[in-house]
Amino acid sequence: MSLAREHANRLPRRRSTRWIETRAALLFISPWLIGLLVFTAWPIINSAYLSLTDYDVINDPSFVGFDNYVTLFEDPKVGLAIRNTFLFAVMSVPAHLVVSLALALLLNSAAKATGFFRTAFFLPKMTPPVAIGVLLVMLFNGQSGLVNGALGLVGIDGPAWTTDPGWVKPGLVLMSLWTVGASVIIILAALRGVPQELYDSALVDGAGWWRRTLRITVPMISPTLFFLFIVDTINALQSFTEAYTAFFGAGNTTYSNDAALFYAIYLFRQAFEFLHMGYASALAWLLFVIIMVITAVQILVTRRYVHYEGGQS
Amino acid sequence: MSLALALSGCAKGTGGGARPAGGVTYDPSATFHGTLSIMGFGTGDEIGKVRADRAEAALGGMDVKLAEGDLDIQQFLSSVAAGSAPDLVYANRDQIGTFASRGAIVPLTDCVKGEGVDTTMFDQNALAQVTFGGAVYAIPEFNQVQITMADSSLLDKAGLTIADVNGSSWESLSAAATKLLQAPGGKLKVIGFDSKLPEFLPLWAKANGADLLSADGKTAQLNSPQVVKALEFAVGLYTAQGGFAKVKAARDSADFFGKGNQFAKHELGAMPMEQWYVNVLNDVSPEATLAFDTFRTPRGEPIAYSSGSAWAVPKGAKNPQAACRFAKTMTLVESWKAAAEARVAKRKQDGKPFTGILTANDRADEEIRKMVTSGGRPWDSGVQAMYEANDHTFSLPANPADNEFKTAWQDAVNRVLNGQEKPQQALDRAQRDAQAALDKAWAEWADKKTN
């Protein structure tokens, strides 16, 4: 009886301690929470509202219902921008994954100076995207660029990467490989986590390098590859700076190329060059929906190929 | 970017169209105190500094705070919407119509009258570019015009003269472009003639007798037969030299502002180009063999497409009177003369000629022209061509959708240059896009005026 009473007395005290701890926790994370609400949640909600308005920054937004969304489906440049962006993503995401994996495998098998190579591969990632855009114009110059110079050495007459609409996107894909360093480091970390005994067993069974890679390495690092697949796809669908700098920005004040008109570039131009903030907000929401759908499809389709050591989560 | 877009929405508009700042009295004898904030202007060289010093002195004790660098439109408009506008902005003249139509800047009618700004002294094309809906919205300064620049040694070798490449005969120009061209083994070594597309389409169109936009700024004329023909001709010059891709690749690989520029290295026969490039060439390659003339119509008349800068007072500016005084003083004949004197002294010290300044102020131009010092041949002919071009300018009128209009025709030219469309097809599409943008923007402006 007395024990029960004591237990009953302790309950409010425990609750009060928990409340104090909760308050303390909330207090400590409040800077982040406030930041999230002010700089993320509120702008997202506000952009949803703006997408239903005609708004030019200066004058009050005027409600236009779903007009912006209707215009969006009638605007031929939206279709062009989506096509360009998808094509770029379809080319760049596999290229990124394959190159990153290849470099990580090389690094993983390097006996010496791995630290140096890790740094060397990561360094280009530190290059500002604008600089990469400028580099693209220089490296891929049809007349004097290094790329065509190298192709010329093996007897290939390189294309006009920066003007021929058929070669603009491949050029951008190749240039985007400049920044695979971060993915290489992530894959390398995953490779280091693959248990050595699995390779030892496979060796005993007579499996060669190729078989070990396909049957052990790739399945064991598949969660990492899956993560990069999703993230690289989202990045590709939001691709902006390099293409904008090379084909629409300061380096080309008047020259532009429709083949490089990515969705985010069109959105930016509508918002910040033509001041159609309402329309640009509608474009942003469409992009959000597209990315959500693609990501959901990717998760559904690729789930069965991802191996989690602790079982499917 | 979505976040930036959304955040921009947080600065809500202040509403209303462009109406004169009510109750502001402009007194030319008044003095000011406090701080005058200016966006988009940096004193840079002596031309800016000398005038800015005089303008600051004319305020009688007010501090001037500059936000240097090109005007950031987004930053400027957000500041106006948020009620924290600068007192004065320095913008490109072709932006004025858009700013005015959205109510971001105020008409300067009272400023011009109260401070006694003599608008008759301004270049009338420049003034037209800053006049919107019948009201002057900005005070213009500087003029950029195009002249023909050519490599005289290449011309001589090909048995040509500057008259063959100045546009006065399109037949001769076509022939000269291919004569000057050098492309051994298919690799472009010397560009015969660079038509400077897409940026100079207005120049080619006007040379062929067409304006891209009607005088009232309301009707696009992008697919008129003259414009189509002008584009076909200018693009054809590239085609005859192996295509735009090759010319652009060669152009992009040149050291445009350095000692290894195309003229110094004899890699370019001729091109129309803005006059400031004469100074660049004179600075970096004074020994280059050059020839200059105006750019001419097929009838032989000089012609140039003028553009430049302007001072405008934002809506909500806290010191509109001081802003007006500053803009007025910056563009006074005396200020320009003082700046030119400083430039003459500096050029003399550097052992270089003073090649003049185009101020967008006719009287100042006259005075400064008298101060020009000879640089000998060929530079004197460049200066002469510059002043002659300045007397034969045209410009596009102010309109509320300038950026969309410009994007429409530039995209059209680019589609042709990239081989995606034929000139007629590209310009038909541009016409539809441009007219739709103009109609929408003018309708919104009309709504604002009536509300």
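**Exercise 1.** How many residue pairs are in polar contact between chain B and chain A, with both residues at pLDDT 80 or more?

*Solution.* The model is predicted. Start with the polar contacts: seven residue pairs qualify between the two chains. Next, locate the elements on chain B. Helices α1 (2–8), α3 (73–81), α11 (244–252), α17 (402–417) and α18 (423–450) of chain B each supply at least two residues of the side that touches chain A. Then sort that side by residue class. It divides into 18 nonpolar, 17 polar and 15 charged residues.

**Exercise 2.** Find the area buried between chain B and chain A, and the count of salt bridges.

*Solution.* First, the contact: 50 residues of chain B meet 48 residues of chain A. The buried area is about 4000 Å². Carbon and sulfur atoms give 56% of that area. Now the salt bridges: there are three between the chains. One of them can be checked by distance. B:Asp411 and A:Lys77 lie 2.8 Å apart, N to O. The cut-off is 4 Å, so this pair counts as a salt bridge.

**Exercise 3.** Trace the five-stranded open sheet of chain B and place helix α13 against it.

*Solution.* Read the strand order: β2-β1-β3-β12-β6, with mixed pairing. The edges are β2 (63–67) and β6 (139–144) of chain B, each pairing on one side only. From one strand to the next, the twist averages 20 degrees. Inspect β3 (88–92) and β12 (307–312) of chain B: they run antiparallel, joined by four bridges. B:Ala91 has B:Ala310 as its bridge partner in β12(B). Finally, add helix α13 (320–330) of chain B. Helix α13 lies across β1, β2, β3, β6 and β12 of chain B, at about 60 degrees to β1(B).

How values were computed:
Residues are numbered from 1 along each chain as its sequence is written. Chains are lettered from A and ligands numbered from 1 in the order in which they are written. This is a predicted model: local features need pLDDT of at least 70, side-chain atom pairs count only at pLDDT 80 or more; totals for chains, interfaces and linings use all residues. Side-chain values use heavy atoms; hydrogens and water are left out. Contact means heavy atoms within 4.5 Å. Buried area is the accessible area (1.4 Å probe) that two parts lose on being put together, summed over both. A salt bridge is a side-chain nitrogen of Lys or Arg within 4 Å of a carboxyl oxygen of Asp or Glu. A polar contact is a pair of N or O atoms within 3.5 Å; within protein, one must be able to donate a hydrogen and the other to accept it, and residues adjacent in sequence count only if both atoms are side-chain atoms. Ala, Val, Leu, Ile, Met, Phe, Trp, Tyr, Cys and Pro count as nonpolar, Asp, Glu, Lys and Arg as charged, and the others, Gly among them, as polar. Two strands pair if DSSP finds at least two bridges between them. Axes are lines fitted to C-alpha atoms, for helices over the stretch in contact, and angles run from 0 to 180 degrees between N-to-C directions.
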